Amino acid sequence: MASSTTHEKPEAVSISPLLKRLAYPATADIQVSAEDIASAFALIFEDRLSDIQTAALLTLLHSTGKDKDAAVIAKCSHRMREAASQIDKASLKKAVKARGKPEGSYNGGLCDIVGTGGDSHSTFNVSTTSSIIASPLLMTAKHGNRAQTSFSGSADVLNAIQPIPPNISAVNASNVAKVYEETNYAFLFAPNFHPGMKYANPVRRGLGLRTIFNLMGPLANPVEWAIEARLVGVAYQSLGPVFIDALRQAGAKKALVVCGEEDMDEISCAGKTNCWRLSEYPNPAYKGSNDQDDDSSDDEENPRTLVKLDIFQLHPSDFGLATHPLSDVYGRKMPKDNATKLMSILRNELPRDDPILEFVLMNVAALLVTSGICDADTSNMGPGDDGQVITERGPGGGRWKEGLRRARWAIESGSALKCFEQFIEVTNKLA
């Protein structure tokens, strides 16, 4: 006789005591800690909270402002990553080390560029395009999803690439290392790595308001443990200090959080951008091994490097560029339109002063600076590189013009297009 297996829903857990403490903080005997919230939050991914309690938790976090607390964001993101499909660390490290090319103070690790969304500007898909352009120089792990607050999300625009799009749905925890064996670029489609999110999505749609989930994407990369550097755009100014603190608490050592003065989650092409940057420098008191792969040689009491925070502003002129009004870079179009523009950029079909091209190039350049690759005093990127490093330093001590020089090379040499075509090829073979 054939047997059948039924999968019962896990037993629900009540978090009513926590909800009451959040709802009535003035009368609560015990204050709510970030760890308390994260423990409750983790139950969502196990399908152990009722929809009503999930909705109450998300709403109370929003109404109390706890969803904008750095410790809460960091700890909830940690629980979200714990619930994600786990990737074999040894195989991924091996693949990344084989392809990564250390240069300057960049060690050859994975990098990401992402925005929180929700800035209402509906600009072009800057972070997605930037992640591809950076990939000839940096190992890139772009974490993204379908549109949540815009017309064209990162997954939407990649799925609209013609004639053959990458098969982003084929990349998962079991084969992402294989992708990096053949290309520097990978797009990590969030639903493939965060299966527990399916329990939260109906509630999020039903609530119709921005919740802590909208802020967690930049910290929910499933290869977070392997991320060396990242650029994070936030949608309004007050989130800048919060996010850089959340990144610091999560262990980030190279990170740039940006917010255009217009409250835009990109480096603005129209004027000033407020920046918060974490960067590492050698610990003069360090006595251990300098082997980057030796995890045992670094600990909290005796770290190999120390981290500093710089706060400054960037302007297009710091990259050697003119300003462009935001109306010139609106992306309020269907994914297929933005996909066409993305491919035109990669094929080097646009004038060098095209507003969207320059908008993208600034953000690529900022990621390159954050990674440390622009600290190199020599340059040998490949054909088309004249080797003339721009050593001028601007706000925050960054070589922003050198970052732009390298970003232009990635496009004009055809290297960015080649990396993306390799990604398209390998993902369609996975299918």
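**Note on the predicted model: strand β6, confidence and the annotated domain**

1. In this predicted model, Val258 has Cys275 of strand β6 as its bridge partner. This pair belongs to the contact between strand β5 (residues 255-260) and β6, where six bridges join the two strands in an antiparallel arrangement.

2. Strand β6 also pairs with strand β7 (residues 305-314); ten bridges join them, and they too run antiparallel. Within this pairing, Asn274 is matched with Gln313 of β7.

3. Is strand β6 enclosed by the rest of the structure or not, and why? Of the ten residues of β6 (residues 273-282), seven are buried, and the strand is therefore largely enclosed by the rest of the structure. Buried here denotes under 20% relative accessible area.

4. Confidence should be considered alongside these points. The protein has a mean pLDDT of 91, and 92% of its residues reach 70 or more. Confidence is highest in helix α15 (residues 400-412), with a mean of 98, and lowest in helix α11 (residues 213-216), with a mean of 88.

5. Residues 1-5 call for separate treatment. Their pLDDT stays under 50, and the model shows zero contacts for them beyond four places in sequence. Where pLDDT is low, predicted coordinates should not be read in detail.

6. An unreviewed UniProt entry places the feature "domain: Glycosyl transferase family 3 N-terminal" at residues 31-84. In the model, this span is 72% helix and 0% strand, and its end C-alpha atoms lie 29 Å apart.

Technical notes
Residues numbered from 1 in each chain as written. Predicted model: local features only at pLDDT ≥ 70, side-chain atom pairs only at ≥ 80, totals over all residues. Heavy atoms only, no water. UniProt positions renumbered as here; feature names shortened; annotations may be inferred. Helix = DSSP H or I, 4+ residues; strand = E, 2+ residues; numbered from the N terminus. Buried < 20%, exposed > 50% of the residue type's maximum accessible area, 1.4 Å probe, protein only. Pairing = 2+ DSSP bridges. pLDDT = per-residue confidence, 0-100. Contact = heavy atoms within 4.5 Å.
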